[in-house]
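Hi,

Here is the structure I said I'd pass on. Have a look around it first, then read my notes below.

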Amino acid sequence: AKASLDDVFQQWAGLGYYRRAKHLHQSAMLIQEHYQGVFPSAYEDILALPGIGRSTAGAILSMSMQQSYPILDGNVKRVLARHFGIQGWPGDPAVSKQLWALSAANTPQKEVHHYTQGMMDLGATLCTASNPACERCPIAASCQAKALGIISTIPAKRPKQVIPVQATRMLIFLHPATQKVLLEKRETKGIWGGLWSLVECPLRTDLSVWCHENFKLAVKKRQKLEAFRHT
């Protein structure tokens with residue numbers, strides 16, 4: 001909580017999804033400020049922490065505090081959808097509502113931490129997305145997808161989305177004497193939010209004018225590197 005966000009990002013470097021590090025930092029400060037440094041134990045309080053959704057809050061409570069709350073991560077969605085024959089894409093609101101209701105109905109009041117871990121492990125090791133090990137599944141006898149022979153179609157895949165393509169230009173400002181590179185801190189929202197990066201500038205603009213107007217820098221020499229695609 002006392003660390004700067006830059007220090008947290010540095011510790012997180014290489015793990016990807018920097019938004020998670022930002023949420024951890026924000027949550028730590030909130031816990032320190034509002035809960036005297038003790039992680040909250042109420043569902044609504046945990047759900048209010050940045051980056052924690054309904055399933056994560058349920059997992060925290062059920063596994064670390066043994067409170068009976070349902071979860072619905074990717075593995076659990078697959079197990080429930082197949083076992084109860086729920087067709088359709090789990091991300092669809094109507095399908096998601098069904099799965100949440102099933103998850104809540106089947107979550108026990110006692111030994112909930114074992115049940116939650118078992119459900120996740122079942123989906124991760126046996127009821128896998130492809131080539132599920134039905135012959136070793138302890139609940140195969142009551143699985144509707146297996147009985148109907150539709151395991152391969154449940155859960156339905158996410159509808160294909162058109163991936164947006166963006167073109168941009170990144171500048172590598174190299175100081176001729178020190179060989180230092182200029183970096184700028186990005187806005188907190190958007191891609192690479194809050195991270196230090198190379199300077200990004202509009203594609204169609206006069207570089208010399210733009211650099212002078214934005215950084216009061218004179219461009220003495222420039223070299224264009226080959227463009228590349230990053231997905």
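I'll start with a small empty space: the lining of the second largest cavity has six nonpolar and three polar residues, and no charged ones. Keep in mind that this is a predicted model. That cavity has a volume of about 50 Å³, and among the residues lining it are P70, I71, Y115 and M119. Helices α5 and α7 (112-125) each supply at least two residues of this lining, with α7 giving the most, three.

Now for its bigger sibling. The largest cavity holds about 150 Å³ of space. Its lining is made of 15 residues, and R82, C127, C134, C137 and C143 are the ones nearest the centre. Helix α5 (residues 74-83) has the largest share here, three residues. By class, the 15 split into 12 nonpolar, one polar and two charged.

Then there's the largest pocket, at about 2,300 Å³. Which residues lie nearest its centre? They are R169, M170, L171, I172 and L198, out of 41 lining residues. Strand β1 (169-171), strand β3 (196-201) and helix α9 (207-215) each supply at least two residues of the lining, and β1 gives the most, with three. The lining counts 24 nonpolar, seven polar and 10 charged residues.

Last, the rings. The whole structure has four aromatic pairs, and ring pairs link F173, W210 and F215 into a cluster. Two arginines also sit over rings: R54 over the face of W100, 3.8 Å from the ring centre, and R20 with its charged end over Y17, 4.7 Å from the centre of that ring.

Cheers

Terms used
Residues numbered from 1 in each chain as written. Predicted model: local features only at pLDDT ≥ 70, side-chain atom pairs only at ≥ 80, totals over all residues. Heavy atoms only, no water. Phe/Tyr/Trp six-rings, centres within 6.5 Å; stacked < 30°, edge-to-face > 60°. Lys NZ or Arg CZ within 6 Å of the ring centre and 35° of its normal. 1 Å grid on protein atoms, 1.4 Å probe; cavity = no way out; pocket = protein on both sides within 12 Å on 5 of 7 lines; lining within 4 Å. Points joined across faces, edges and corners; volume = space filled by probe spheres on them. Helix = DSSP H or I, 4+ residues; strand = E, 2+ residues; numbered from the N terminus. Nonpolar A, V, L, I, M, F, W, Y, C, P; charged D, E, K, R; others polar.
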